[in-house]
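User: I should like to learn how to read the features of a protein model. Could we begin with a single helix and then turn to the whole chain?

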Amino acid sequence: MAILENIRKRTTVLILIIGMALFAFVISGIFTSDGFSGGKVGSAVGEINGEEISIDAFRQQLERATRTSGQNASSMQLVNSIWNQMERNTLLDQQISALGIEIEQDQIIEIIKNSPGLAQNPQFVDENGIFDERRFREFILELKVNAPAQYQDWLQDEQAIIENAKQQAYFNLVRAGMGATLKEGELDYKLANNKVDIRYVRVPYTSIPDSAVSVTKKEIEDYIKKNKKKYTQERSRDIQFVYFEEAPSEKDVEETKSAITALLDDTVEYSAETDRTDTIAGFRNTKDVEAFLARYSDAKFDSIFKAKAELPTNFADSLMTLRVGQVFGPYRDGDVFKVSRMMAKKPNGSVKASHILITYEGAERANPEVKRTKEEAKAKAEEVLKKALEPNAVFAQLARDNSDGPSGPRGGDLGYFQEGVMTPKFNDFAFGNPVGYIGLVETEFGFHIVKVDEKRDLVQLATLTRDIEPSEETINTLFTDATKFEMMSVDSEKSLSEVAQENDYVVRPVNRLKAMDENLPGLGAQRRIVQWAFSQDTKLGDIRRFDANNGYAVVQLTATYKEGLMDVEDASVTVLPLLRKKKKAERIKTENAGKSMSEIASANNTTVTTATALTVKAPTIPGAGREPLVVGTAFSMETGQTSKLIEGESGVFLFEVTKKENAPDLDNYSTYADNLKAGLSSRVANALVQALKEKAEIEDNRSVFY
């Protein structure tokens, strides 16, 4: 119990340990002989190559992620993140299991010892500062007995570290079989450095109007069938909706303005308790502004002094010119009515300055690497000051070259600061000198060459605010309108769009909605609408009203798409341009067959031009864009040889190779071979997972549960 009691006294340490990511994973199963069960109980959230993903295990991970993420992610973002991780782990675990890869206890202990969060934690080190496995074991056992919720978190962490260690072993096996020979390195070098010059003419595809090329439905269909992998689609839906936003009416706006205006001046109230009439000071005359705002305003008193740039843009000029005690407003700032009263002013209350810090050994917060004496630092500071005072000096560059302070890389820029923020001597210098002044000041941090860049006035405003919100009457009317529109749309023989048009409502379409989508344009997070659209009970054309963010949405299902090969209409958006380009290329080649470059240029209102120093690894032709086929063909030809008409990316080309230049041979190509190998190794993890995913049979049932 001693260790756990010690941990409890250090709640920050406990939270840090529990919240640790990968390196904090603990192998409690090894130490307590009841590792993570991983049992699959209940329904399956999915199936990967015949292996079920338990909804219970999924929910366990989701619940933990929800607790640790705070407000940083929506529920569906967490669902998708957990699924992606479990999908990845399952695919890899199937491969790892087939290969018989296991992680031994000593390997896991080494991971813990190499984890700074644990190995350097005072709770787990001995008197010599070395990680003590015994103390660590005791902590896990105490956690199991006295903190079961955190112990369950540790069990999930344990499984994760074992999985990660196995995966790294698997990736390393694959990496070990990858490499690049010196010959491959030589080829990579030559692809990047061998150069070719060409003289060419290009007839762009845009020279033929799209309307002049006919593509049939059958041609699109045939292309889709030949390229099935590229034109498969997920299950999806199209919907359209009318949004009834819960927004204030003009009457609500006027009433809010009247209410805040009524608080400006004094009022007379009769008190039955005292049997007398009292004068209640309004915002203009109240002596206790803070108490007045606490009672009547939607925002409390903010005592912070602010610059003009921090005030509402449209009213900043008017607010800055107020005299102390003067009131401005009411004015509308977004969805708020405001009245501001000037409380105080600070002319030149904020300074923007830059500095060059020359520190020395022993100065406060000095970098340990700085070994100069105080005298040496002063001499250098005076030398830099002299340079800074020269007519053409660039202060920012001097700071980058000489400053020992953290602002050096920013050109010494310290930004704006108010009185009392900086150390006293620095503060007095900055506020006591005019804009543009450059001088030297000594503080406990060293010697500063300071430039006063800018000064600005500050003001303290007390602002009475009232949020502009829809009244109960407006909310009730909105509900009535939305319900009435829903009923009309359902009962009418006309479409939702026609009914909306008759009532001056805007219809908003959302196309290709996926089963796990959450956000709808214009509505935000609306998971219930997505679930309804994919429900088996929802039929094409069905209409339903939903509570939406600050309002209601009347939604209609307008189209459904099955998983599988895209139909002609859906694929034509991408296929049609490709087939048009192919037909244009054939037409251009037919019309220009047998012609010289100059004849083609003349007939097609273009010019013969040149491109130099082209390489295979950067096959971009100036004025034409990326043309890998053209450049690659040029390298296969001899100098002086003329090509055939070639279908490029942007047009049809005819070119002549005018020069070829081979890069000089190197003594050794190991650097290029090593770079190729490093590039391949860095892509192993993602490439493997993607390849396994494409080959796998995956059944995703998330939309049934979430």
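Analyst: Let us begin with one helix of this predicted model. In α20, the buried residues are Arg527, Ile529, Val530, Trp532, Ala533 and Phe534.

User: How should the spacing of residues along a helix be read?

Analyst: An α-helix has 3.6 residues a turn, so residues three or four places apart point the same way. In the present case, helix α20 covers residues 527-534 and is mostly covered, with six of its eight residues buried.

User: What share of the residues in the protein chain is buried?

Analyst: Of the 706 residues, 40% are buried. The accessible surface comes to about 39,500 Å², and carbon and sulfur atoms account for 48% of that area.

User: How does the radius of gyration of the chain stand against that of a compact globule?

Analyst: The protein chain has a radius of gyration of 36 Å, whereas a compact globule of 706 residues would have one near 27 Å. Its C-alpha trace spans about 105 × 90 × 75 Å along the principal axes. The chain contains 26 helices and 24 strands. Among contacts between residues at least 6 apart in sequence, 68% join residues at least 24 apart.

User: Where does pLDDT stay under 50?

Analyst: That stretch is residues 1-41, for which the model has 90 contacts beyond four places in sequence. For the protein chain, pLDDT averages 88, and 93% of the residues score at least 70.

User: How many charged side chains of each sign are there?

Analyst: There are 89 positive and 107 negative side chains, and the centres of the two sets lie 5 Å apart.

Technical notes. Residues are numbered from 1 along each chain as its sequence is written. This is a predicted model: local features need pLDDT of at least 70, side-chain atom pairs count only at pLDDT 80 or more; totals for chains, interfaces and linings use all residues. Side-chain values use heavy atoms; hydrogens and water are left out. Helices (H or I, at least four residues) and strands (E, at least two) are DSSP runs, numbered from the N terminus. The radius of gyration is taken over C-alpha atoms; the globule rule is 2.2 Å times the number of residues to the power 0.38. Buried means under 20% relative accessible area, exposed over 50%, partly exposed in between (1.4 Å probe, protein chains only). Contact means heavy atoms within 4.5 Å. Accessible areas come from the Shrake-Rupley method with a 1.4 Å probe; for residues, only the protein chains shown count as cover. Lys and Arg count as positive and Asp and Glu as negative; His and the chain ends are not counted. The place of a charge is taken as NZ of Lys, CZ of Arg, CG of Asp or CD of Glu. pLDDT is the predictor's confidence in each residue, from 0 to 100.
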